[in-house]
Amino acid sequence: MGMWASLDAMWEMPAEKRIFGAVLLFSWTVYLWETFLAQRQRRIYKTTTHVPLELGQIMDSETFEKSRLYQLDKSTFSFWSGLYSEIEGTLILLFGGIPYLWRLSGRFCGYAGFGPEYEITQSLVFLLLATLFSASTGLPWSLYNTFVIEEKHGFNQQVLVTIYADYIAPLFDKFTPLPEGKLKQEIEVMAKSIDFPLTKVYVVEGSKRSSHSNAYFYGFFKNKRIVLFDTLLEEYSVLNRDIQEESGMEPRSDGEGDSEEIKAKVKSKKQGCKNEEVLAVLGHELGHWKLGHTVKNIIISQMNSFLCFFLFAVLIGRKELFAAFGFYDSQPTLIGLLIIFQFIFSPYNEVLSFCLTVLSRRFEFQADAFAKKLGKAKDLYSALIKLNKDNLGFPVSDWLFSMWHYSHPPLLERLQALKSSKQD
């Protein structure tokens, strides 16, 4: 009876109070769920202290331990930063931080001679103040929370990556055509075999900013280009060149005549894949294109965007939404965006994110299977291990944490799927 009485009392409350309470309750529910998942994964980091048998002959204990400690430190930082953000956001809502900053921005505009009719100016001042006082109240972050779901799962990539690669990335990184040679010829042959309209292959000096390895393709219609990070290519890797320069000589393929120190350094070099492994990675990436994953992602993206803005148009006129967050006398458009996209859409975003994670993992397995059909299973097997090692990824995951968070399947699951072909 007590529980039902509490529910009846809650429904008798004004609509704005019910909305506000539901927002806070859902926010803390998500936080506690995420904390529960993080603690499960943290337990894996603590208890898994030996290299899995599948990786025993490929990943050394030192690299495995370095990855384990790195992920353990990241989880510690994430816990405290997440707790701080949740408490901060709750206090801002409880004490009316958003309407206070809106009124404060109006005062600044008034001092500058702008009246209430200049809502755009007040909105810009509000964004500036929100950024200074707390990032969690800024509109860019709320929009990010909504639309990052699409980018996290590869949506809208063809448009954004094309713009980024052609006009923005060259300002920060050096793009050079892949030199003529065996690798370029084999890339062109593989692209032609699946009717991929390849026009150019570039190498980008990603090692200036990060040791992470990557490869991607971009471009519209019949003008596709492939970009390889220098950290992906063993012969381009800055770290590998440093090892050779430090040793003062080029290591022999058979190892004869090299000192034990040189042998140890060459054995421990971590960056880059052999040409066959690079082709296997590209086979996986081209599989996404051949299997229509890119088109499917774009369709889902556009449907999601249409639905979000349709619901926004329906909800923006509801006064109780604004009243729930302290706006009783006005309904600023900017605040409506903040309330609807960050708070009201939160349940939808969580469900959508999980569904897209499941779909993304399915796409990854399909792309791996496509690389198998190209005869690249063995090379993809070793390339996945090398990339995981280069990026300090931890190969062991809690199944529930992985299912909720990882848009790519865990390494061991992908290796297991490739294992039969590898053995063949």
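This report walks through the sheet, the helix packing, the nonpolar cores and the cysteines of a predicted model.

## The sheet and its order

Let's start with the strands. Four of them make an open sheet, ordered S1-S2-S4-S3, and the pairing is mixed. Going from one strand to the next, the twist averages 30°. The edge positions go to S1 (175-177) and S3 (215-218); each has a single partner strand, so one side of each has no neighbour in the sheet.

Here's how the pairings run. S1 and S2 are antiparallel, joined by 3 bridges, and one pair to look at there is phenylalanine 175 with its bridge partner in S2, valine 204. S2 and S4 run parallel, with 6 bridges between them. S3 pairs with S4 (residues 224-229) in the antiparallel sense, over 4 bridges.

## Following residues across the strands

A couple of residues let you step from strand to strand. Valine 204 has phenylalanine 175 of S1 as a bridge partner, and in S4 its bridge partner is phenylalanine 229. Likewise, isoleucine 226 in S4 stands opposite valine 201, and isoleucine 226 is also the bridge partner of phenylalanine 217.

S3 and S4 are also linked as a hairpin, with 5 residues between them. If you're checking backbone torsions, look at glycine 219 in that turn: its phi is positive, at about 120°.

## What covers the sheet

How much of S4 is buried? The count is 6 of the 6 residues, so the strand is largely enclosed by the rest of the structure. Both of its faces are covered: Lys224, Ile226 and Leu228 are buried on one side, and Arg225, Val227 and Phe229 are buried on the other. S2 is largely enclosed too, because 5 of its 7 residues are buried.

Helix H8 (residues 182-193) lies across S2 (198-204) and S4, and runs at about 140° to S2.

## Two nonpolar cores

Now for the side-chain packing. The largest nonpolar core has 29 residues, and the ones touching the most other members are Leu93, Ile98, Phe126, Phe325, Ile335 and Phe343. Several helices supply at least two residues each, among them H2 (15-47), H3 (61-94), H4 (97-111) and H12 (293-315). Which helix gives the largest share of this core? That's H14, with 8 residues.

Leucine 93 is a handy place to zoom in. Leaving out residues up to four places away in sequence, leucine 93 touches Phe20, Val23, Leu24, Ile98, Phe325 and Phe343. There's also a second, separate core of 25 residues, which includes Ile194, Phe217, Val278 and Leu282. Phe217 links back to the sheet, since this is the residue bridged to isoleucine 226 in S4.

## H14 against H15

The axes of H14 and H15 (residues 346-373) come within 5 Å and cross at roughly 45°. That angle makes H14 oblique to H15. On the H14 side the residues involved are Phe341, Gln342, Phe343 and Ile344, and they meet Ser346, Pro347 and Asn349 in H15. Phe343 turns up again here, having already appeared among the core residues that touch the most other members.

## Cysteines

How many disulfides does a search of the whole structure find? The result is 0. As for individual cysteines, cysteine 109 counts as buried because its relative accessibility is 4%, under the 20% cut-off. Cysteine 355 is partly exposed, with a relative accessible area of 41%.

Conventions
Residues numbered from 1 in each chain as written. Predicted model: local features only at pLDDT ≥ 70, side-chain atom pairs only at ≥ 80, totals over all residues. Heavy atoms only, no water. Core = buried A, V, L, I, M, F, W, Y, C linked by side-chain atoms within 4.5 Å. Buried < 20%, exposed > 50% of the residue type's maximum accessible area, 1.4 Å probe, protein only. Contact = heavy atoms within 4.5 Å. Disulfide = S-S within 2.5 Å. Pairing = 2+ DSSP bridges. Axes fitted to C-alpha atoms, helices over the stretch in contact; angles between N-to-C directions. Parallel < 35°, antiparallel > 145°, perpendicular 65-115°, else oblique.
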